[in-house]
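Biologist: I should like to go through this model and hear the reasoning behind each label attached to it. Please set each value against its criterion before concluding.

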Amino acid sequence: MTKAVAIIGSGNIATDLMLKIKRLSGELYVAAMAGIDPDSDGLARARRMGVATTHKGVEGLADLPGFADVTVVFDATSAGAHRANYEVVRAHGAAIVDMTPAAIGPYVVPAVNIDAHTDADNVNMVTCGGQATVPIVSAISEVTAVDYGEIVASIASRSAGPGTRANIDEFTETTSRAIEQVGGAAHGKAVIVLNPADPPVVMRNTVFCLVREADEEAIRASVERRVEEVRAYVPGYRLKQDVQFDPVRHDHVPALGGPFTGTRVSVFLEVNGAGHYLPEFAGNLDIMTSAALRTGELMAARRSEGSHA
């Protein structure tokens, strides 16, 4: 039996997520969508799909038919609005999947740690860069200790909206913390690059990890397995080339506070979007909606099990 979910927000991310749920999920259906712009394309599309809508934001959500059946709500608004949204959703008894930088709940990357957080009432989807790269850092740290993990996420300028541009600092801080807390690196750093190329380029990510002991075969196999796990819910996710290993010796690594001798593991990734609503080059947005969908499916299933326990 499919489970009812709701979406707060009616912009590009919210609309792409709604279409993904409609086309790809056999477990969820969108019962309600709340926005603040009555003329938004997202609300118009939702109405054409038979979804109950309101332009009165989260406050209007509870009055919509079908909202009483909702167990999971996706928040695709902003970090500033998320806390108020969370309070309303929590009072209703539903869980919330936070797609903003607010990070009230634990970081979740489905291929890595969703099993630990299916009972949470608020989970955070980190960032697009985090969803793309934290699985790789985690795959390497499962084989050997990662002293330092650094990621560079390069996205098309045209796929970076006002929210992304206004939250660059939050992107780097949140992703850096997730590299450590979810990825398992002792120290993490994140960099985002907005590429102005025309035609726009797809999302590309580079992961650098410093390790003191490198079993190359085991690391390569772990990374390749993790890539396939992510591809299960993000089909456009792939390795750009083979995993690279380079011996390194540094007299001083600032993040480590001293010298380092070991191996630099380099992983190069590419993410193409599915083109459901967003352009195919916007893999950075597609990976967020895809990861949120997977997370919502697992959380809704868990809450459904709990209600019948």
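Biologist: How much space lies in the largest pocket, and which residues lie nearest its centre?

Modeller: In this predicted model, the largest pocket holds about 1,000 Å³ of space. Its lining comprises 43 residues, and Ile13, Ala76, Thr77, Gly163 and Thr164 are the ones nearest the centre.

Biologist: Which helices supply at least two residues each to that lining, and what is its make-up by class?

Modeller: Helices H1 (12–24), H3 (57–61), H4 (79–92), H7 (162–166), H8 (168–181) and H10 (283–307) each supply at least two residues. By class, 23 lining residues are nonpolar, 17 are polar and 3 are charged.

Biologist: How do you know that the span of H8 agrees with its number of residues?

Modeller: The expected span is 1.5 Å times one less than the number of residues. H8 has 14 residues and should therefore span 20 Å; its end C-alpha atoms are 20 Å apart, so the two values agree.

Biologist: Which residues of H8 are buried, and what do they pack against?

Modeller: The buried residues of H8 are Phe171, Thr174, Thr175, Ser176, Ala178 and Ile179. They pack against helix H6 (128–141), strand S7 (146–156) and strand S8 (188–195).

Biologist: Why is threonine 15 called buried?

Modeller: The label requires a relative accessible area under 20%. Threonine 15 has 0%, and is therefore buried. This residue lies in helix H1. Leaving aside neighbours within four places in sequence, threonine 15 is in contact with Ser10, Gly42, Arg45 and Tyr277.

Biologist: What makes serine 304, in helix H10, partly exposed?

Modeller: Partly exposed residues fall between the buried limit of 20% and the exposed limit of 50%. Serine 304 has 23% relative accessibility, so it counts as partly exposed. The C-alpha atom of serine 304 is separated by 36 Å from that of leucine 239, and the two residues are 65 residues apart along the chain.

Biologist: How do you know that cysteine 128 forms no disulfide with cysteine 209?

Modeller: A disulfide needs two cysteine sulfur atoms within 2.5 Å. The cysteine sulfur closest to that of cysteine 128 belongs to cysteine 209 and is 18 Å away, which is too far for a bond. Cysteine 209 is accordingly in no disulfide, and the count comes to 0 disulfides.

Biologist: Are these two cysteines buried or exposed, and why?

Modeller: The limit for a buried residue is under 20%. Cysteine 128 has 11% relative accessibility and therefore counts as buried. Cysteine 209 has a relative accessible area of 1%, so this residue is buried too.

Technical notes:
Residues numbered from 1 in each chain as written. Predicted model: local features only at pLDDT ≥ 70, side-chain atom pairs only at ≥ 80, totals over all residues. Heavy atoms only, no water. 1 Å grid on protein atoms, 1.4 Å probe; cavity = no way out; pocket = protein on both sides within 12 Å on 5 of 7 lines; lining within 4 Å. Points joined across faces, edges and corners; volume = space filled by probe spheres on them. Helix = DSSP H or I, 4+ residues; strand = E, 2+ residues; numbered from the N terminus. Nonpolar A, V, L, I, M, F, W, Y, C, P; charged D, E, K, R; others polar. Buried < 20%, exposed > 50% of the residue type's maximum accessible area, 1.4 Å probe, protein only. Contact = heavy atoms within 4.5 Å.
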